[in-house]
Amino acid sequence: MTTPTPAPAHPRRGSFIGTVKAVLWGFLGVRRNADYQNDIAKLNPLHLIAVGLGMALLFVAGLILLVNWVAG
């Protein structure tokens, strides 16, 4: 017999926009503690990592384009 898998203790149902906002505030380095605690409770850590990596790549690509434009 198979045992049923338990449901997650805290289902995280954060929105994509909420994840993007949390990552943008993280890039700036300013965040209220209440908002930080709210993000911890609602947002999925894997989604945060994926959005953070994507935004970091966009930031680096933007810097490369800016340097090429200024130097070129």
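**Helices, salt bridges and a pocket in a predicted model**

Arg32 counts as exposed, at 56% relative accessibility. This residue takes part in a salt bridge with Asp35. The closest N and O atoms of the pair are 3.3 Å apart. Asp35 counts as partly exposed, at 26% relative accessibility. Arg32 is classed as exposed because its 56% lies over the 50% cut-off. Asp35 is classed as partly exposed because its 26% lies between the 20% and 50% cut-offs. The model is predicted, and the values reported here are computed from it.

The chain contains three helices and zero strands. Read from the N terminus, the order of elements is α-α-α. Helix H1 covers residues 16-28. Helix H2 covers residues 33-42, and helix H3 covers residues 45-71. The chain has 72 residues, and buried residues make up 12% of them. The exposed area of the chain is about 6300 Å². Carbon and sulfur atoms supply 70% of that area. Contacts were also examined by their separation along the sequence. Among contacts between residues at least 6 apart, 84% join residues at least 24 apart.

One pair of residues gives an example of separation along the chain and in space. Ser15 and Lys42 are 27 residues apart along the chain. Their C-alpha atoms are separated by 8.8 Å. Ser15 sits in the segment before helix H1. At 42% relative accessibility, Ser15 counts as partly exposed.

The structure holds two salt bridges. The bridge between Arg32 and Asp35 has been described above. Another salt bridge joins the side chains of Asp39 and Arg31, with an N to O distance of 2.4 Å. Asp39 is found in helix H2. Its relative accessible area is 15%. Asp39 is therefore buried, since the cut-off for buried residues is under 20%. Its partner Arg31 is partly exposed, with a relative accessible area of 33%. With neighbours within four places in sequence left aside, Asp39 is in contact with Ala22 and Arg31. Arg31 is thus a contact of Asp39 and also its salt-bridge partner.

Asp39 appears again in the largest pocket. The volume of this pocket is about 220 Å³. Helices H1, H2 and H3 are the elements that give two or more residues to its lining. Twelve residues line the pocket. Ala22, Tyr36, Asp39, Leu43 and Leu48 lie nearest its centre. Ala22 and Asp39, both in this central group, are also in contact with each other. The largest share of the lining comes from H1, which supplies four residues.

The surface was also searched for nonpolar patches. Phe59, Val60, Leu63, Ile64, Leu66, Trp69 and Val70 make a nonpolar surface patch of about 760 Å². Ile64, one of these residues, lies in helix H3. Its relative accessible area is 46%, and Ile64 is partly exposed. Ile64 can belong to the patch because its 46% is over the 30% needed for patch residues.

Technical notes:
Residues are numbered from 1 along each chain as its sequence is written. This is a predicted model: local features need pLDDT of at least 70, side-chain atom pairs count only at pLDDT 80 or more; totals for chains, interfaces and linings use all residues. Side-chain values use heavy atoms; hydrogens and water are left out. Buried means under 20% relative accessible area, exposed over 50%, partly exposed in between (1.4 Å probe, protein chains only). Contact means heavy atoms within 4.5 Å. Accessible areas come from the Shrake-Rupley method with a 1.4 Å probe; for residues, only the protein chains shown count as cover. A salt bridge is a side-chain nitrogen of Lys or Arg within 4 Å of a carboxyl oxygen of Asp or Glu. Patches are made of residues with over 30% relative accessible area and no salt bridge: like charges are joined within 9 Å, nonpolar side chains (Val, Leu, Ile, Met, Phe, Trp, Tyr) within 5 Å. On a 1 Å grid over the protein atoms alone, a cavity is a set of points where a 1.4 Å probe fits but cannot get out, and a pocket is an open set with protein on both sides within 12 Å along at least five of seven lines; lining residues have an atom within 4 Å of a point. Grid points are joined across faces, edges and corners, and a volume is the space filled by probe spheres set on the points.
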